[in-house]
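Reader: Please take me through the interior of this model, by question and answer.

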Amino acid sequence: MSQYPPISEQLDDLETARDEGRRKMDWARQHMPILNALREEFERDQPFAGQRIGMAMHVEAKTANLVELLADGGAEVAITGCNPLSTHDDVSAALDTHENITSYAKRGVDDDEYYEAIESVIDIEPTVTVDDGMDMVAAIHEDYPELIDSIVGGAEETTTGVHRLRAMDDDGALDYPVFAVNDTPMKRLFDNVHGTGESSLATIAMTTNLSYAGKNVVVAGYGDCGRGVAKKASGQNADVIVTEVEPRRALEAHMEGYDVMPMSEAAEVGDVFLTVTGNRDVITAEHFEKMKDGVLLANAGHFDIEVDLDALSDMAADRYEARDGVEAYEMDDGRRLNVLAEGRLVNLASPIALGHPVEVMDQSFGVQAVCVRELVENGDAYDAGVHEVPDELDREVAEIKLAAEGVDYDSLTDAQTEYMGSWQHGT
Ligand code: NAI
């Protein structure tokens, strides 16, 4: 049993925190029509009665609405953060007041506390796991394999988590089914593209009080997140430079009109650098040596390993906090390289960060919620391993959203359906 305490036992002014957390959740909830529609269904049907859900996610207002939805649908839920810097303590405290929810998430925990909190969540002996980055699945497999038999399945939120799960699956080491929520159209085409694009750029601008107009913004990685960042930086009058390692992605960025070049060249001309590769060592010592004075270095990939801060620290003659959330590394030659949010995902870990816009998280969490329902109702149908989310679930979430937006759309006629399913119609 972990001794790590819930947030309510860790805060001094608990009542104020709870009120403020609730206020943030209420605001988000007003803009989450998908979760609200599912809430009606779940409160009525209680699909999660008897289930224990263990979660490791970014604990802020939007996530909190997902957590409450699952609890109001009958589940007992325990949650902690999936990043040491992304928790909003007030929201965590507000969640912890719910009789079916225990929240261990706290901002600014060290490595030991981070993993102890995960163990505390695992203490509820989850029957379902919901992860962002796979740390919960990993901890269960490594340290609590005896729990696996009673777990019906899990759901994974982000690209890096899905990559890790697939690697685990390839090694034959993943012992229960997990849905790749990240990979659904309703998640990645909105959350990764628009959410990461908008919230990362907004957070960098707000953290630094600087503009993109006329600047060279270097986007490392032209996947779903990189596409969004590049497009929205371009929309704010930046000159966008893309670095890539995958030839078709590099070509796509080139055809989109961006400058594509190796990081070794981009390092010399960039003003703002944003890594979104999900890989490690993307910006390293050889690049720091070439950078201009005053550059901004930020990461929006899941882990804080895209910018090599150990190397930067070794190279720096001095380092100091230039602003809240901005650490200046001063070189011998006087150049200052400014790192945001300690190289952690800037849109969630910067002191003023709010994460993605509410609307996109409504979609991502709508998919999470129907995936948990599917696991509870039909978990036996899925073998151990990574599974694509059934398309009808993703469509269900899209339909709820379109109805909420008052957007009508066409349906196939019978003749069209027959035509699309046939190979016999030619010229
Ligand atoms: P993706 O797999 O679609 O794209 C990553 C791209 O980076 C690929 O095109 C790959 O070729 C490229 N890449 C890999 N190594 C590289 C290198 N050394 N230099 C240049 N390019 C390189 O992944 P996606 O969905 O764009 O996610 C990227 C990261 O962002 C993941 O870690 C994911 O978990 C995270 N993420 C963060 C969010 C946030 O709120 N900050 C939201 C969603 C995802």
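The turns below cover cores, a strand pair and a cavity.

Author: This is a predicted model; local features need pLDDT of at least 70, side-chain atom pairs count only at pLDDT 80 or more, and totals for chains, interfaces and linings use all residues. Residues are numbered from 1 along each chain as its sequence is written, and side-chain values use heavy atoms, with hydrogens and water left out.

Reader: Which helix gives the largest share of the largest nonpolar core?

Author: A nonpolar core is a set of buried Ala, Val, Leu, Ile, Met, Phe, Trp, Tyr and Cys residues joined through side-chain atoms within 4.5 Å. Buried means under 20% relative accessible area (1.4 Å probe, protein chains only). The largest core has 48 residues, and L70 is among those that touch the most other members. Its largest share, 10 residues, comes from helix α15 (residues 358-378; helices are DSSP H or I runs of at least four residues, numbered from the N terminus).

Reader: Which residue stands opposite V218 in β8?

Author: Strands are DSSP E runs of at least two residues, and two pair if DSSP finds at least two bridges between them. Here 5 bridges join β7 (residues 216-220) to β8, and the two run parallel. In β8 (residues 239-243), 4 of 5 residues are buried. Opposite V218 stands I241.

Reader: How many residues of the second, separate core are there?

Author: This core is separate from the largest one, and its members include M136, A139, M168 and V386. The count is 30 residues.

Reader: Which helix gives the largest share of the lining of the largest cavity?

Author: On a 1 Å grid over the protein atoms alone, a cavity is a set of points where a 1.4 Å probe fits but cannot get out; lining residues have an atom within 4 Å of a point. Of the 13 lining residues, T80, G81, K106, V109 and Y114 are the closest to the centre. The largest share, 3 residues, comes from helix α5 (residues 111-122).

Key. On a 1 Å grid over the protein atoms alone, a cavity is a set of points where a 1.4 Å probe fits but cannot get out, and a pocket is an open set with protein on both sides within 12 Å along at least five of seven lines; lining residues have an atom within 4 Å of a point. Buried means under 20% relative accessible area, exposed over 50%, partly exposed in between (1.4 Å probe, protein chains only).
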